[in-house]
Amino acid sequence: MTDEPKWRVPVGILLILFGLIVYALVVARYVPEMLEGWNVAVQTIVYLFFGLVWLLPLGRLLKWMETGHKKD
């Protein structure tokens, strides 16, 4: 860690917020139509899946914010 502020941190935070907003709007727009008439238990599992899947690219983005490198 350095004491210097990094431009990647605020840019990364904005990317996370923008990505979450777009992802939430897409899920809220299309998933209810797909799940219409499905069992409530299955709907819950699907929504849990979509609620967690956004975390997958988060690790790489956080690493990029801290180090400036995309790859592991």
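## Exercises on a three-helix chain

Of the 72 residues of the protein chain, 15% count as buried. The model is predicted.

**Exercise 1. Describe the secondary structure, the contacts and the accessible surface of the protein chain.**

Step 1. The protein chain has three helices and zero strands. Along the sequence this reads as the pattern α-α-α.

Step 2. Take the contacts between residues at least 6 apart in sequence; 62% of them join residues at least 24 apart.

Step 3. The accessible surface amounts to about 6100 Å². Carbon and sulfur atoms hold 71% of that surface.

**Exercise 2. Find the aromatic pairs in the whole structure and classify their geometry.**

Step 1. The search of the whole structure gives two aromatic pairs. Two quantities describe such a pair: the distance of the ring centres and the angle of the planes.

Step 2. For Trp 7 and Trp 64 the ring centres are 5.7 Å apart and the planes stand at 75°, so this pair is edge-to-face. The angle needed for that class is over 60 degrees.

Step 3. Locate the two partners. Trp 7 sits in the segment before H1 and Trp 64 in helix H3 (residues 58-67), so that the pair links distant parts of the chain, 57 residues apart.

Step 4. Assign the exposure of each ring's residue. Trp 7 has a relative accessible area of 55% and is therefore exposed, the cut-off being over 50%. Trp 64 has 16% relative accessibility and therefore counts as buried, the limit being under 20%.

Step 5. Turn to Phe 49 and Phe 50. Their rings lie 5.3 Å centre to centre with 70° between the planes, an edge-to-face pair. Phe 49 is exposed because its relative accessible area is 51%. Phe 50, at 22%, is partly exposed.

**Exercise 3. Determine whether Arg 8 is buried or exposed, and what surrounds this residue.**

Step 1. Arg 8 belongs to helix H1, which covers residues 8-35.

Step 2. Arg 8 is buried, yet it has no salt bridge. The nearest side chain of opposite charge is that of Glu 66, at 7.2 Å. A salt bridge would require a nitrogen within 4 Å of a carboxyl oxygen.

Step 3. List the contacts of Arg 8, leaving aside neighbours within four places in sequence. They are Trp 64, Met 65, Glu 66, Thr 67 and Gly 68. Trp 64 was met in Exercise 2 as the aromatic partner of Trp 7.

**Exercise 4. Place His 69 and name its contacts beyond four places in sequence.**

Step 1. His 69 lies in the segment after H3. Its relative accessibility is 53%, so His 69 counts as exposed.

Step 2. Not counting residues up to four places away in sequence, His 69 touches Lys 63 and Trp 64.

**Exercise 5. Count the salt bridges in the whole structure and identify the side chains that take part.**

Step 1. The whole structure contains one salt bridge.

Step 2. The side chains of Arg 29 and Glu 33 form this bridge, with 2.4 Å from N to O.

Step 3. Both residues lie in helix H1. Arg 29 and Glu 33 are four residues apart, about one turn of the helix.

Step 4. Arg 29, with a relative accessible area of 46%, is partly exposed. Glu 33 is also partly exposed, at 48% relative accessibility.

**Exercise 6. Which residues form a nonpolar patch on the surface, and how much accessible area do they have together?**

Step 1. The members are Phe 18, Val 22, Val 26 and Tyr 30. Together they have about 400 Å² of accessible area.

Step 2. Examine one of the members. Phe 18 is located in helix H1, and at a relative accessible area of 58% Phe 18 is exposed.

How values were computed. Residues are numbered from 1 along each chain as its sequence is written. This is a predicted model: local features need pLDDT of at least 70, side-chain atom pairs count only at pLDDT 80 or more; totals for chains, interfaces and linings use all residues. Side-chain values use heavy atoms; hydrogens and water are left out. Helices (H or I, at least four residues) and strands (E, at least two) are DSSP runs, numbered from the N terminus. Buried means under 20% relative accessible area, exposed over 50%, partly exposed in between (1.4 Å probe, protein chains only). Lys and Arg count as positive and Asp and Glu as negative; His and the chain ends are not counted. Contact means heavy atoms within 4.5 Å. Rings of Phe, Tyr and Trp (its six-membered ring) pair if their centres lie within 6.5 Å; planes under 30 degrees apart count as stacked, over 60 as edge-to-face and the rest as tilted. Patches are made of residues with over 30% relative accessible area and no salt bridge: like charges are joined within 9 Å, nonpolar side chains (Val, Leu, Ile, Met, Phe, Trp, Tyr) within 5 Å. Accessible areas come from the Shrake-Rupley method with a 1.4 Å probe; for residues, only the protein chains shown count as cover.
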